[in-house]
Amino acid sequence: MDKRRCAACGCGGLRAGIETLSVTLPRCGLVASIAAPAHRCAGCGEVHFERDVLERAQLSIGCALADRGVHTGDALRHMRKALELRASDLARLLGVTPETVSHWETGRAPPARSAFVAVAAMVEEAIDGRTTTRDRLTVLARASRLPRVLRVKLRASSRR
């Protein structure tokens with residue numbers, strides 16, 4: 001039993017366990033569920049997920065949506081929010097207008113495949129604690145002048 005108090009009722013009886021977190025994508029009617037460690041209040045039954053668990057669960061759901069080809073505005077919105085990106089920030093990274101992102105997310109236009117793949121890559125990397133795709137998109141969004149000379153280090157191969 002956990003010594004912390006329930007945020008909903010103030011009861012001190014939080015019990016650790018595994019709970020199901022579900023996300024509904026309203027326009028396509030899909031429900032994605034994931035089992036994750038949580039605490040349930042013995043008093044009111046409220047379920048409490050730790051912030052880092054909740055973040056990883058949301059990112060994991062985003063990866064599953066992308067892996068299954070759920071190429072919808074709802075899925076794109078879920079992934080963007082899991083990345084803690086505002087729609088205007090995503091628009092800047094992708095080189096589109098905020099209205100375009102809004103049209104994708106509300107179903108007025110299908111998301112561009114390239115944008116969907118870029119966002120899915122950012123979600124996948126976020127789970128692993130990497131930001132490679134996001135960093136590259138940020139550099140491109142800055143529209144800086146190209147260097148005249150570029151010194152490159154030989155990189156080790158990741159293939160074994």
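A residue counts as buried when its relative accessible area is under 20%. Val 101 has a relative accessibility of 0%, so Val 101 counts as buried. The structure described here is a predicted model. Val 101 lies in helix α4. Beyond the residues up to four places away in sequence, Val 101 touches Ala 87, Leu 90, Ala 91 and Val 96. Ala 87 is 14 residues from Val 101 along the chain, and the C-alpha atoms of the two are separated by 6.5 Å.

The strands are considered next. Three strands form an open sheet in the order β1-β2-β3, and their pairing is antiparallel. β1 (14-25) and β3 (47-48) are the edge strands, each of them pairing on one side only. Strand β2 covers residues 30-41, and 12 bridges join β1 to β2. Strands of a sheet pair through backbone hydrogen bonds, either parallel or antiparallel. β1 and β2 run antiparallel. Two pairs of facing residues illustrate the register. Ala 16 stands opposite His 39 in β2. Val 23 stands opposite Ala 32 in β2. The hairpin of β1 and β2 has 4 residues between the strands. There, Gly 29 takes a positive phi near 75 degrees.

Helix α1 spans residues 51-67 and lies across β1 and β2. The helix runs at about 165 degrees to β2. An angle over 145 degrees counts as roughly antiparallel, so α1 is roughly antiparallel to β2.

The segment before β1 contains Cys 6. Cys 6 counts as buried because its relative accessibility is 4%. With neighbours within four places in sequence left aside, its contacts are Cys 11, Leu 14, Cys 41, Cys 44, Glu 46 and His 48. Ile 34 is not in that list of contacts. Cys 6 and Ile 34 are 28 residues apart along the chain, and their C-alpha atoms are separated by 22 Å.

Helix α2 is largely enclosed by the rest of the structure, because 8 of its 10 residues are buried. The buried residues are Gly 73, Asp 74, Ala 75, Leu 76, His 78, Met 79, Arg 80 and Ala 82. Their cover includes β1, α1, α3, α4 and α5. One of these covering elements, α4, was examined further. Two packed helices are described by the angle between their axes and the distance between the axes. The axes of α2 and α4 (residues 98-106) come within 6 Å and cross at roughly 120 degrees. The two helices are therefore oblique to each other. On the α2 side, the contact is made by Gly 73, Asp 74, Leu 76, Arg 77 and Arg 80. On the α4 side, Trp 104, Glu 105 and Thr 106 take part. By class, the residues of this contact divide into 2 nonpolar, 2 polar and 4 charged.

The loop between α2 (73-82) and α3 (87-94) holds Glu 84. Most residues other than glycine have a negative phi. Glu 84 is not a glycine, yet its phi is positive, at about 60 degrees. The relative accessible area of Glu 84 is 54%, so Glu 84 is exposed.

Helix α5 has 15 residues, numbered 113-127. At 1.5 Å a residue, α5 should span 21 Å. Its end C-alpha atoms are 21 Å apart, which agrees with the expected span. Buried positions in α5 are Ala 115, Phe 116, Ala 118, Val 119, Ala 120, Met 122, Val 123 and Glu 125. What covers them includes α1, α2, α3, α4 and α6 (132-142). Just after α5, Gly 129 takes a positive phi of about 75 degrees.

Thr 133 is found in helix α6. Thr 133 has a relative accessible area of 18%, so it is buried. Apart from its neighbours within four places in sequence, Thr 133 is in contact with Ala 118, Ala 121, Met 122 and Glu 125. Among these contacts, Ala 118, Met 122 and Glu 125 are buried residues of α5.

Technical notes:
Residues are numbered from 1 along each chain as its sequence is written. This is a predicted model: local features need pLDDT of at least 70, side-chain atom pairs count only at pLDDT 80 or more; totals for chains, interfaces and linings use all residues. Side-chain values use heavy atoms; hydrogens and water are left out. Two strands pair if DSSP finds at least two bridges between them. Contact means heavy atoms within 4.5 Å. Axes are lines fitted to C-alpha atoms, for helices over the stretch in contact, and angles run from 0 to 180 degrees between N-to-C directions. Buried means under 20% relative accessible area, exposed over 50%, partly exposed in between (1.4 Å probe, protein chains only). Angles under 35 degrees count as roughly parallel, over 145 as roughly antiparallel, 65 to 115 as roughly perpendicular and the rest as oblique. Ala, Val, Leu, Ile, Met, Phe, Trp, Tyr, Cys and Pro count as nonpolar, Asp, Glu, Lys and Arg as charged, and the others, Gly among them, as polar. The expected span of a helix is 1.5 Å times one less than its number of residues.
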